[in-house]
Amino acid sequence: MNLKLNPIKTVESAIFRLFKNDPKLKNYFGEKIDPIIRLSDPKFGDFQANGVLALAKSKNLNAIELANDISQKLSDEEYLGTKYFRMSVAAPGFINFSLKEDFLIKWIQSFNSIDAITKDISKYYDKKTIIVDFPSANTAKQAHIGHLRPMVIGESIARIIEFAGAKVIRDNHIGDWGTNFGTLIMIIKKELIDLKSIGTPSEALEEIDRLYKKASLIEKLTPELRDTSRNELVKLQNGDLENTQIWENIITISNQAFEELFEQLGVRIDVTLGESFYKDKVQRVYDELSDLKIAEESEGALVVWHNETKKFAKNNPRPFPFNIRKKDGASNYASTDLATLIYRIEHFRAEEIIYLTDARQKDHFEQLFLTANKWIQAKNYPKPNFKHVWWGTILGSTNKPIKTKSGGSIKLQSIIDEAIIRAKEVVSQKNPQLSENEKDSIAKAIGIGAIKYADLSSNRTLDYVFEWDRMLSFEGNTAPYLLYVFARINSIFKKSNLNKTIQDFSKLSELETKHERLLVRKLIQFSFALEQSLSDLRPHFLCTYLFELSGIFNTYYSNDKIIHENAETQLRRLTLCHRTQLILKLGLKLLGINTIEKM
RNA sequence: GGGGGCGUAGCUCAGUUGGAUAGAGCAACGGUUUUCUAAACCGUAGGUCACAGGUUCGAGUCCUGUCGCCCCUGCCA
């Protein structure tokens with residue numbers, strides 16, 4: 001048997017082979033059937049094939065008889081055989097599959113390292129070039145809680161598809177070319193501010209943020225200043241040296257301040273190409289889309305209608321065009337996104353582009369993709385896949401979007417700081433004997449891990465409620481609970497005299513207890529969870545799995561003594577600890593969460 | 001007005017894309033430690049899956065309608 005990480009694949013390919021080779025089945029159903037194999041309730045087995053029911057129905061056959069026929073044929077050595085799988089049929093026509101002991105052992109022996117797992121899973125994307133557009137940091141403004149989800153979800157998705165074999169380019173598409181720069185330059189000149197002398201990047205950014213708010217207020221009181229600002233913006237756009245210098249300083253400060261956050265949150269960025277980079281590339285968008293008659297003038301602006309989609313059709317009572325050039329001739333979000341998209345195809349040879357934003361931008365991306373596809377088709381450009389990965393809002397305890405008491409947005413840095421402080425309080429309380437350094441590094445891992453895990457563990461398309469006590473709790477589906485299991489296993493290895501970095505754990509002796517078997521079966525389900533997360537780019541499937549794995553490990557731990565007088569038993573149980581740790585570390589890594597050796 | 005999302009236990013959430021008797025965690029109640037980290041484990045209780053129809057062997061999941069909440073709806077990104 002060719003062992004696959006995911007045994008469902010093995011079962012599936014045996015069924016496909018059967019339907020290809022068996023003349024009777026092939027005649028009746030053809031080769032393109034879907035066996036619909038799913039995990040099943042443990043009392044029925046490990047997996048079940050639900051597809052027989054539909055097949056039987058399509059030809060008016062007795063489903064149980066068909067299921068019996070198929071499962072009997074699968075027992076042939078040519079297909080699944082009987083060494084590794086046990087099959088049974090249940091009403092009204094399910095085929096149940098159980099993994100036999102030999103399979104459990106063989107699987108554990110085969111997938112004994114990250115490399116072994118990587119080798120299997122990297123075929124999923126097979127070196128496809130994928131641009132992940134995140135976290136779209138803004139400039140001249142401090143990061144707030146709204147930046148949390150793009151950083152956390154984006155990083156996790158990037159890691160997951162990278163692990164699945166994609167060549168990932170993380171492109172931070174910064175908003176560095178807005179009208180706000182006129183206002184900022186105005187106030188900076190007016191107050192003779194030297195941005196470089198302010199302090200650290202985040203302090204400087206805070207000052208810029210404050211200056212902008214102040215300037216907006218002044219503009220309201222003295223409208224002449226608004227003209228000054230507009231004039232500064234025009235000068236900037238025309239390449240005025242002094243204004244360009246100020247603009248560059250602001251961008252540099254913003255990027256540096258964001259990098260501090262990326263560093264803390266473990267976000268990696270490959271390229272940072274903002275709107276300013278595309279400012280000389282939007283003309284091509286206007287030209288080509290106009291020439292192709294994809295875009296047309298409307299109320300002075302250049303827009304794209306999509307008549308095949310009711311919502312974006314021209315004859316809609318309340319029209320909703322894709323506006324790609326404002327009536328004053330300026331570019332906007334849409335023009336830049338189109339220019340960016342073409343650049344990514346031509347320069348990066350992107351085969352897939354994943355955009356990460358919140359739910360409110362769904363219409364924009366629907367219009368963007370419709371427009372891009374028409375453009376690409378007309379010009380015969382290479383056509384990548386487009387995906388919009390979106391998410392809901394972070395809510396406060398009142399079930400309204402989370403805000404500070406005064407109604408402002410909460411700074412991302414203050415969230416991180418508070419998480420670490422809260423985590424440290426708990427660590428100090430639980431383990432007062434640790435050194436201050438140890439407490440700090442543990443608190444950092446737990447605090448940041450907790451924020452991230454809270455964001456990732458529920459379905460991203462839903463809103464979620466931000467609750468400190470829950471995310472930092474050591475009970476339930478939380479980062480601390482998972483991290484604890486990891487640390488606990490470390491402690492076992494320390495107590496045993498086996499060095500897990502030297503020992504290869506390549507053999508596994510016969511399993512003895514029910515908890516050993518349950519743990520192995522759960523370990524085997526890893527790839528299933530991973531593939532679920534991959535198929536829809538939803539990390540919460542992986543979270544749910546890791547939580548369940550941890551629970552099963554804890555049960556195992558409290559029932560089966562691992563440090564054992566019998567050397568063989570001890571080695572086997574330590575091997576299971578080793579694999580649990582392997583999967584936990586890998587899974588958490590894919591979520592962007594660092595493990596800690598002790599806590 | 002139009003479009004989209006959501007509604008599952010007191011609370012926070014899962015529910016394997018239509019499968020077998022709807023699951024966790026918290027909170028509540030009860031139990032487990034001379035033994036590898038009790039930051040753990042085990043148990044009890046808690047449900048008209050918003051409501052009403054429909055589709056079929058089979059619906060929390062798909063379709064229609066109703067109610068409720070949230071978001072988007074021409075030049076912000």
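This note describes a predicted model of protein chain A with RNA strand B, point by point.

1. Basis of the description. Residues are numbered from 1 along each chain as its sequence is written, and chains are lettered from A and ligands numbered from 1 in the order in which they are written. The model is predicted, so local features need pLDDT of at least 70 and side-chain atom pairs count only at pLDDT 80 or more, while totals for chains, interfaces and linings use all residues; side-chain values use heavy atoms, with hydrogens and water left out.

2. Overall form of chain A. Chain A has 22 helices and 14 strands, which are DSSP runs numbered from the N terminus (helices: H or I, at least four residues; strands: E, at least two). Along its principal axes the C-alpha trace spans about 85 × 70 × 40 Å. Of the 599 residues, 51% count as buried; buried means under 20% relative accessible area, exposed over 50%, and partly exposed in between (1.4 Å probe, protein chains only). The accessible surface of chain A is about 28,100 Å², and carbon and sulfur atoms hold 50% of that area, by the Shrake-Rupley method with a 1.4 Å probe, where for residues only the protein chains shown count as cover. Among contacts (heavy atoms within 4.5 Å) between residues at least 6 apart in sequence, 74% join residues at least 24 apart.

3. Nonpolar cores. The largest nonpolar core has 134 residues, and Phe 97 and Ile 161 have the most contacts inside it. Such a core is a set of buried Ala, Val, Leu, Ile, Met, Phe, Trp, Tyr and Cys residues joined through side-chain atoms within 4.5 Å. Beyond the four nearest places in sequence on either side, Phe 97 touches residues including Val 11, Ile 15, Phe 47, Leu 74, Leu 80 and Met 87. Another core, of 34 residues, lies apart from the largest one, with Val 304, Phe 322, Leu 338 and Ala 350 among its members.

4. The surface near the RNA. RNA strand B is surrounded by 68 residues, of which Arg 38, Lys 326, Tyr 484, Arg 488 and Tyr 557 are the closest; a residue is near a strand if one of its heavy atoms lies within 4 Å of it. These residues divide into 26 nonpolar, 20 polar and 22 charged. In this division Ala, Val, Leu, Ile, Met, Phe, Trp, Tyr, Cys and Pro count as nonpolar, Asp, Glu, Lys and Arg as charged, and the others, Gly among them, as polar. Helix 21 (residues 540-559) gives the most to this surface, with 8 residues.

5. Individual approaches to the RNA. A polar side-chain atom of Asn 323 is 3.0 Å from a base oxygen of RNA strand B. Ile 563 also has a base oxygen of the strand at 3.0 Å, here from a backbone N or O atom. For Gln 532, a side-chain N or O atom is 3.5 Å from a sugar or linking oxygen of RNA strand B.

6. Helix 12. Which residues of helix 12 (residues 282-291) are buried? They are Val 282, Val 285, Tyr 286, Glu 288 and Leu 289. These residues pack against strand 8 (295-298), strand 9 (301-304), strand 10 (322-325), helix 13 (333-347) and helix 14 (362-379). Just after helix 12, Lys 293 takes a positive phi of about 65°.

7. Helix 7. Both Ser 156 and Arg 149 belong to helix 7 (residues 148-163). Ser 156 counts as buried because its relative accessibility is 0%, and its contacts beyond four places in sequence are Leu 456, Pro 539, Leu 590 and Leu 591. Arg 149 is likewise buried, at 2% relative accessible area. The Arg 149 side chain reaches the backbone oxygen of Gly 392 at 3.1 Å.

8. The loop before helix 7. Ala 137 lies in the loop between strand 5 (129-133) and helix 7 and is buried, with a relative accessible area of 3%. Pro 135 is found in that loop as well, and the peptide bond from Phe 134 to Pro 135 is cis, with omega near -5°.

9. Further backbone features. The peptide bond from Ala 91 to Pro 92 is cis, with omega near 0°. Asn 380, in the loop between helix 14 and strand 12 (385-391), has a positive phi of about 60° although it is not a glycine. Asn 380 is exposed, at 68% relative accessibility.

Key: A polar contact is a pair of N or O atoms within 3.5 Å; within protein, one must be able to donate a hydrogen and the other to accept it, and residues adjacent in sequence count only if both atoms are side-chain atoms.
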